[in-house]
Amino acid sequence: TFTNGFAAQGAGVQYGTLTNCIIVANFSSGSGYVYGGGTYYSDLYSCEIKDNVVRGSDAYAGGCYYGTRVNCVISGNTVETTTRWAYGGGVYYGTSIGCLIVNNSIKASETSSLSCYGGGSYYGTLRNCTVAGNRVPAGLTSAGVYNGSIYNSIVWENRTEANVLANHPGSSMYYSCSSPRPSGTSNINSNPLFIDNGNGNYQLQDNSPCINRGYNSYVENQVD
């Protein structure tokens with residue numbers, strides 16, 4: 001477990017490869033650019049990255065800054081801007097495979113002239129992921145994934161603080177589920193029917209319309 005770290009870049013972990021680790025409650029802050037409340041250019045396998053914070057005038061990646069994430073849970077991370085720039089509440093760029101990216105957020109001390117994008121993920125590639133329940137300030141448009149490349153994934157119920165749906169602006173989506181229905185190959189906008197997302201269970205009910213909707217060539221993990 002990596003916890004209670006403090007740094008301007010990668011408060012929890014900088015670089016390296018981690019397996020079966022927990023990166024929790026680390027804090028990245030500084031007077032200039034700050035990156036990665038949880039991790040900075042790290043490759044993560046079956047890890048939990050949760051409740052990390054990055055705060056500054058130019059703040060990036062509450063959870064993970066670049067790197068590769070496989071079978072990880074990225075939740076409850078926050079980017080806080082003291083002026084206007086904030087990107088990637090959960091992750092910033094990199095590749096996420098088989099990950100759960102939920103309940104991350106971007107917060108701002110001011111609401112005018114904000115430049116804040118990607119409550120769940122800012123850019124990056126997502127395959128076989130679920131991105132849900134992420135938040136950005138009112139008036140913004142990218143609570144879920146901003147400008148990502150998304151395959152075999154669910155991007156659902158990501159909203160602004162004014163409760164406006166803001167799932168996937170600028171993203172390219174394929175064989176995925178979101179609302180409004182994304183353009184692209186074989187996407188749907190039906191409720192994915194999580195078992196109990198209110199209590200953190202994002203597995204799918206037996207009658208979920210998302211079951212067997214993916215493209216096999218994008219599948220890297222055989223077990224949900």
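This is a short dialogue on reading sheets, cores and single residues in a predicted model.

Me: Start with the sheet. How do strands of a sheet pair?

Reply: In general, strands pair through backbone hydrogen bonds, either parallel or antiparallel. Here, one open sheet has six strands, in the order β3-β8-β12-β16-β21-β25. The pairing is parallel.

Me: Which strands stand at the edges?

Reply: β3 (13-14) and β25 (145-146). Each has a single partner strand, so one side of each is left without a neighbour in the sheet.

Me: Take one pair inside that order. How many bridges join β16 to β21?

Reply: Two. β16 covers residues 91-92 and β21 covers residues 121-122, and they run parallel. For the register, look at Val-91: the residue opposite, in β21, is Ser-121.

Me: Now the cores. Where do nonpolar side chains tend to be in soluble globular proteins?

Reply: They tend to be buried together. In this model, the largest nonpolar core has 20 residues. Cys-47 and Ile-49 have the most contacts inside that core.

Me: What is Ile-49 in contact with, leaving aside neighbours within four places in sequence?

Reply: The list includes Ile-23, Leu-44, Cys-64, Cys-72, Val-73 and Ile-74. Gly-38, Gly-63, Ser-75 and Asn-77 are also on it. Apart from the largest core lies another, of twelve residues. Val-79, Leu-114, Cys-116 and Leu-140 are among them.

Me: On to single residues. Is Asn-20 buried or exposed?

Reply: Compare its relative accessibility with the cut-off: exposed means over 50%. Asn-20 has 61%, so it counts as exposed. Its place is in the loop between β4 (17-19) and β5 (22-24).

Me: Which residues does Asn-20 contact beyond its neighbours within four places in sequence?

Reply: Tyr-45, Ser-46 and Cys-47. Cys-47 also belongs to the largest nonpolar core. For a distance, take Asn-71: Asn-20 and Asn-71 are 51 residues apart in sequence, and their C-alpha atoms are 9.8 Å apart in space.

Me: And Ser-208: buried or exposed?

Reply: The cut-off for buried is under 20%. Ser-208 has 6% relative accessibility, so it counts as buried. Ser-208 is found in the segment after β32 (201-204).

Me: What does the side chain of Ser-208 reach?

Reply: The backbone oxygen of Pro-192, at 2.5 Å. A polar atom of the Ser-208 side chain also lies 3.1 Å from the backbone nitrogen of Cys-210. Not counting residues up to four places away in sequence, Ser-208 touches Pro-192 and Leu-193.

Note on methods: Residues are numbered from 1 along each chain as its sequence is written. This is a predicted model: local features need pLDDT of at least 70, side-chain atom pairs count only at pLDDT 80 or more; totals for chains, interfaces and linings use all residues. Side-chain values use heavy atoms; hydrogens and water are left out. Helices (H or I, at least four residues) and strands (E, at least two) are DSSP runs, numbered from the N terminus. Buried means under 20% relative accessible area, exposed over 50%, partly exposed in between (1.4 Å probe, protein chains only). A polar contact is a pair of N or O atoms within 3.5 Å; within protein, one must be able to donate a hydrogen and the other to accept it, and residues adjacent in sequence count only if both atoms are side-chain atoms. Contact means heavy atoms within 4.5 Å. A nonpolar core is a set of buried Ala, Val, Leu, Ile, Met, Phe, Trp, Tyr and Cys residues joined through side-chain atoms within 4.5 Å. Two strands pair if DSSP finds at least two bridges between them.
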